[in-house]
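I am opening a fresh notebook page for this structure and will write down each thing I looked up, in the order I looked.

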Amino acid sequence: YGIISGAAINCGTPSIPGHVSGLSSPANLGSGNATINGFPPCTLDGIKIVDPAVIAAGMADLVKAYLAAQNLTGCTVLTGTDLGGLNLAPGCYSFSTSAGLTGNLTLTGSATDTWTFQIGSALTTAVGSTVTLAGGAIADNVYWAVGSAATLGTTSDFSGNIMSMAAITLNGGATLHGRAMAQTAAVSMIQGGSRIIKP
């Protein structure tokens with residue numbers, strides 16, 4: 001999936017429509033309440049999954065992955081630290097409450113290294129913020145386990161698989177290199193050409 005949600009999937013319909021695409025395989029959409037709005041005019045490199053049993057299986061896998069990420073031990077505690085300006089090696093990082101990104105976060109490692117972020121509540125990125133992958137690191141191996149909602153700021157450029165408990169929102173012009181996966185609330189791509197590029 002490029003997007004899977006326990007609720008609706010919404011894409012704004014401005015003069016610049018949003019786009020969901022896949023690099024290694026198609027980026028499908030799956031909505032737990034069978035509500036997918038805005039495709040078209042927003043565009044999709046994949047299909048809308050409508051079989052409830054298939055979506056239920058995907059949601060069950062999402063819950064397992066989320067719990068596995070949140071239950072990792074020995075993580076470096078970053079509670080209260082802005083992710084902006086940091087250069088993080090592979091590993092597990094935790095926030096007991098919310099996490100924010102202002103500026104640029106760099107993740108440096110190889111194509112087989114992984115990064116897991118445990119976030120107790122919300123994840124919010126600022127306007128124009130970025131995640132840079134260095135040394136061969138790939139977005140497919142970055143996991144954000146978000147305890148409530150995730151919001152990507154206007155024109156931000158973010159990397160990793162977002163596994164949220166609640167909503168995921170991409171504001172205008174935001175790009176997510178990864179997957180948007182929300183357990184209980186909607187995934188919304190706000191007007192202004194936001195994009196999801198599934199690894």
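Leaving aside neighbours within four places in sequence, which residues is Leu62 in contact with? I note before answering that I am working from a predicted model.

**Entry 1: Leu62.** I listed the contacts of Leu62 beyond its neighbours within four places in sequence, and they are Ile4, Met163, Met181, Ala182 and Gln183. I then looked up where Leu62 sits, and found this residue in helix α1. Leu62 is buried, with a relative accessible area of 4%. I also took one distance from this position: the C-alpha atoms of Leu62 and Ile36 are separated by 19 Å, and these two residues are 26 apart along the chain.

**Entry 2: the strands around Ile4.** Since Ile4 and Met181 both appeared among the contacts of Leu62, I looked at how they are placed, and I found that Ile4 stands opposite Met181 in β22. Strand β1 (residues 3-5) and strand β22 (residues 180-182) run parallel and are joined by three bridges. In general, the strands of a sheet pair through backbone hydrogen bonds, either parallel or antiparallel. Going wider, I traced an open sheet of nine strands with parallel pairing, and I wrote down its order as β7-β4-β1-β22-β19-β16-β13-β10-β8. The edge strands are β7 (48-49) and β8, each of which pairs on one side only.

**Entry 3: the nonpolar cores.** I asked next which residues have the most contacts inside the largest nonpolar core. That core has 39 residues, and the ones with the most contacts inside it are Ile3, Leu83, Leu88, Leu105, Phe117, Trp144 and Phe158. A second, separate core has 10 residues, including Ile4, Ile49, Tyr66 and Ala145. I followed Ile3 further and, not counting residues up to four places away in sequence, found that Ile3 touches Ile9, Val20, Asn28, Leu29, Gly30, Ala180, Val187, Met189 and Ile196.

**Entry 4: the aromatic rings.** How many aromatic pairs are there? I counted three aromatic pairs, and I looked at two of them in detail. The rings of Tyr93 and Phe117 have their centres 5.6 Å apart and their planes at 25°; planes under 30 degrees apart count as stacked, so this pair is stacked. The pair links distant parts of the chain, with Tyr93 in strand β10 and Phe117 in strand β13 (residues 115-119), 24 residues apart. Both rings belong to buried residues, for Tyr93 is buried and so is Phe117. Trp144 and Phe158 form an aromatic pair that is tilted, at 4.8 Å centre to centre and with 45° between the planes. Trp144 lies in strand β16 (residues 142-146) and Phe158 in strand β18 (residues 157-159), so the pair ties together parts that are 14 residues apart in sequence. Trp144 is buried, and Phe158 is buried as well. I finally noted that ring pairs link Tyr93, Phe117, Trp144 and Phe158 into a cluster.

**Entry 5: the disulfides.** A disulfide is a covalent bond between the sulfur atoms of two cysteines, and I counted two disulfides in this model. Cys11 and Cys42 form one of them, with their sulfur atoms 2.0 Å apart. The link of Cys11 and Cys42 is left-handed, with -80° about the S-S bond. Cys11 lies in strand β2 (residues 9-11) and Cys42 in the loop between β5 (36-37) and β6 (43-44), so the pair ties together parts that are 31 residues apart in sequence. Cys11 is buried, with a relative accessible area of 8%, and Cys42 is buried with a value of 3%.

A disulfide also joins Cys75 to Cys92, with 1.9 Å from S to S. The torsion about the S-S bond of Cys75 and Cys92 is about 75°, so this disulfide is right-handed. Cys75 lies in the loop between α1 (52-70) and β8 (76-77) and Cys92 in strand β10 (residues 91-95), so the pair ties together parts that are 17 residues apart in sequence. Cys75 and Cys92 are both buried.

**Entry 6: the whole chain.** I closed the page with overall values, and the secondary structure of the protein chain comes to one helix and 24 strands. The radius of gyration is 16 Å, close to the 16 Å that the globule rule gives for 199 residues, so the chain is as compact as a globular protein of that length. Buried residues make up 46% of the 199 residues.

Definitions and conventions:
Residues numbered from 1 in each chain as written. Predicted model: local features only at pLDDT ≥ 70, side-chain atom pairs only at ≥ 80, totals over all residues. Heavy atoms only, no water. Disulfide = S-S within 2.5 Å. Helix = DSSP H or I, 4+ residues; strand = E, 2+ residues; numbered from the N terminus. Buried < 20%, exposed > 50% of the residue type's maximum accessible area, 1.4 Å probe, protein only. Pairing = 2+ DSSP bridges. Phe/Tyr/Trp six-rings, centres within 6.5 Å; stacked < 30°, edge-to-face > 60°. Contact = heavy atoms within 4.5 Å. Core = buried A, V, L, I, M, F, W, Y, C linked by side-chain atoms within 4.5 Å. Rg over C-alpha atoms; globule rule 2.2 N^0.38 Å.
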